[in-house]
Amino acid sequence: MSASEIFQPFFVGIFGLAAIWFGVVVFRTSSMVRSALALLFSMTAIGAMFLAMEAEFLGVLQIMMMATEMAIMAIFMVMYMMDPGGMEGMDMTHQKYASIFAGILATLGILAVVFLVEWGPVAEAAHPEEQTRMLGIEIMERSMLIFETAGVTILTAMIAATAIAIERRKS
Amino acid sequence: MTTLMAALVVGAILFGIGLYGALSQTNLVMIMMGVELMLGAAMVNLVAFWRFLHPEIYAGQMFVLIVMTVMALEMAVGFAIATGRFRAKGSVEMEEAGDLRG
Amino acid sequence: MTAAISILALLAGAYLVAVLEGWVSMGRMSITGPLASGAAMLGRESFVPKRRDRVFFEVAPPLLLVSALLAAAVLPLSPGLIVADLATGALFVNAALAYVMVALLMAGWAPNGAYAMVGGFRFLGQLVAYSMLIVMPITAVAMRAESLVTTEVVESQAALPNAIYQPIGFVLFLLAGMAVCFLPPFDLPTAPGELAGGVEAEYTGWRLAVFRLARLVLVVTVAAAVSVFYLGGWLGPVFPPWAWSAAKTLAVAALMLLAGRHVPRLRETHVLEWGWKVGIPLALLNIFVVGVMILVVG
């Protein structure tokens, strides 16, 4: 058993716990900026899990993208919430018990699958540099059409978002 | 196999938290945060499956890239709807959005 | 050992940048000036606003410092002197610099003060303008190096530095770098003379000292990134590699400090407008031109 085999579950577990903790904070705090930044740190912890699972490119990409995404989320929350600072302690939840039930049910269902399936042997991953190269080749060869589709979808979403959000002109 | 299990358990719990958030919050932006958390859980699972079951197939990593794109798109369109709604009604509380039923 | 040398080099660089900044803004050079003002800041009491967001208020200045240090960790000073030689180094620089904005947003939100919040949100607007201009020039650099590893990026410039090979990318990255470390004319978040210090307004004492130090380290880091990506890092004749790295980094830092001194501060709407209508098309053109040049010239 090599050192990486011992440390890998440890780091995956630690960052996983951090992701779960910040995920809980998202819905526990009443300050909206805190909530958005807790989601950011949850996502960053997920990125760190990717790094621990030797998916270096994806991990760094996740950490980079989420910083921008969640900061923009924070500004929208401040714009559109009644009480972004959470000073008044407004309750902004509904159907609480049903939601808790649904969440726990989903978790238990997935956990049952996780523990019932026989997962088979662990395979060795390639070196990070090799991985980045192979991912590039994958994108440029087999998955090129999918990647192009993603690009077109982004363009469509940009146009759609602008069309929805733009102020109606007075005719 | 323990690492794969650990990652999958984390994914399951994050998915549960995200589902709770998406169902229980009344504000559109908070609902979107729940959805983001669920997508994050999906990404954890995808990377774990890629790493521990099929590290030689890079379509697994490709799938994660697509999920990241979906997260960004969901934010963009969601905020556009929030902006439109806020302009029209002055709030993005989904309890008051019954008029969207048509 | 490597980490210790790198951090010492970074701190020395930060001190020199502080001297330079004092010279540029005050008009007279004072070697001990930063030391005196730093000691004065440490000696003062660190006031805290009454209804602040405790966690963010404490975390913001260290987070700014940490993000600058992390970005510096993947930049080589000389062939062997690099803290973490990541396979995705060029992307990691970008990821670490994204957290500069998170730190400033926290610092702006936490004190529960109007000036600070305006400063923090202005920086978010600025980020939307400059962030693409960091990613896209780095893409063109990585295309030429055929690698995201920073040491290989430096080695790819042995024949010709990227500043000459792709001048559009160089200028765009330099401007975006100035926007990252909120140097004039992009100093919207602090905006001296207009916002009473902006995000720094409510920070005093040792917290302000950490904040200022973090900003200086950030300037050095971004200058080092420009030198690694565009000026060939440690490559150069006669002198040892580390001397070239240090000289290029300091020269870029001095250029960044001097460049915007006599330009009026840009409004965030103008930064956004020029970033998206001029900057991004130019960055795309740069990627296209570099691609054609790689195919034709090699």
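# Close-up views of a predicted three-chain model

Chain B and chain C do not touch, and their nearest C-alpha atoms lie 14 Å apart. Keep in mind throughout these views that the model is predicted.

**View 1. Which chains meet, and where is the contact richest?** Two pairs of chains touch, and the pair with the most contacts is A and B. On the A–B side of the story, 70 residues come from chain B and 77 residues from chain A. In the A–C pairing, chain A gives 26 residues and chain C gives 27 residues. As you move through the next views, remember that chains B and C make no contact with each other.

**View 2. The interface of chains A and B.** Together, these two chains bury about 6,700 Å², and 79% of that area is on carbon and sulfur atoms. In chain B, the residues that lose the most area to chain A are M33(B), R51(B) and Y58(B), which together account for 10% of what that side buries. Try finding these three residues of chain B in the structure above.

**View 3. A salt bridge between chains A and B.** How many salt bridges does the rule find across this interface? There is 1 between chain B and chain A. Its partners are E54(A) and R51(B), with their closest N and O atoms 3.2 Å apart. You may recognise R51(B) from the previous view, where it was listed with M33(B) and Y58(B) for the area lost to chain A. The chains also share 4 residue pairs in polar contact, counting pairs with both residues at pLDDT 80 or more.

**View 4. The side of chain B that touches chain A.** The salt bridge joins E54(A) to R51(B). Three helices of chain B, α1 (2-24), α2 (28-52) and α3 (59-89), each supply at least two residues of the side that touches chain A. Which helix gives the largest share? That is α3(B), with 22 residues. Sorted by class, this side of chain B has 50 nonpolar, 15 polar and 5 charged residues.

**View 5. V77(B), a residue of helix α3.** Here we zoom in on V77(B), found in helix α3 of chain B. Is V77(B) buried or partly exposed? Its relative accessibility is 26%, so V77(B) counts as partly exposed. Leaving aside neighbours within four places in sequence, V77(B) is in contact with A157(A) and A161(A). Within chain B, V77(B) and I13(B) are 64 residues apart in sequence, and their C-alpha atoms are 27 Å apart in space.

**View 6. The interface of chains A and C.** Chain A and chain C bury about 2,300 Å², with carbon and sulfur atoms giving 79%. The rule finds 0 salt bridges across this interface, while 4 residue pairs are in polar contact, both residues at pLDDT 80 or more. On chain A, helices α2 (32-52), α3 (56-80) and α5 (128-140) each supply at least two residues of the side that touches chain C. The largest share, 13 residues, comes from α3(A). By class, this side of chain A has 18 nonpolar, 5 polar and 3 charged residues.

**View 7. Helix α9 of chain C.** This helix covers residues 205-230, 26 residues in total, and reaches 38 Å from its first C-alpha to its last, close to the 38 Å expected at 1.5 Å a residue. Of the 26 residues of α9(C), 22 are buried, so the helix is largely enclosed by the rest of the structure. After α9(C) comes G232(C), which has a positive phi near 80°.

Notes: Residues are numbered from 1 along each chain as its sequence is written. Chains are lettered from A and ligands numbered from 1 in the order in which they are written. This is a predicted model: local features need pLDDT of at least 70, side-chain atom pairs count only at pLDDT 80 or more; totals for chains, interfaces and linings use all residues. Side-chain values use heavy atoms; hydrogens and water are left out. Contact means heavy atoms within 4.5 Å. Buried area is the accessible area (1.4 Å probe) that two parts lose on being put together, summed over both. A salt bridge is a side-chain nitrogen of Lys or Arg within 4 Å of a carboxyl oxygen of Asp or Glu. A polar contact is a pair of N or O atoms within 3.5 Å; within protein, one must be able to donate a hydrogen and the other to accept it, and residues adjacent in sequence count only if both atoms are side-chain atoms. Helices (H or I, at least four residues) and strands (E, at least two) are DSSP runs, numbered from the N terminus. Ala, Val, Leu, Ile, Met, Phe, Trp, Tyr, Cys and Pro count as nonpolar, Asp, Glu, Lys and Arg as charged, and the others, Gly among them, as polar. The expected span of a helix is 1.5 Å times one less than its number of residues. Buried means under 20% relative accessible area, exposed over 50%, partly exposed in between (1.4 Å probe, protein chains only).
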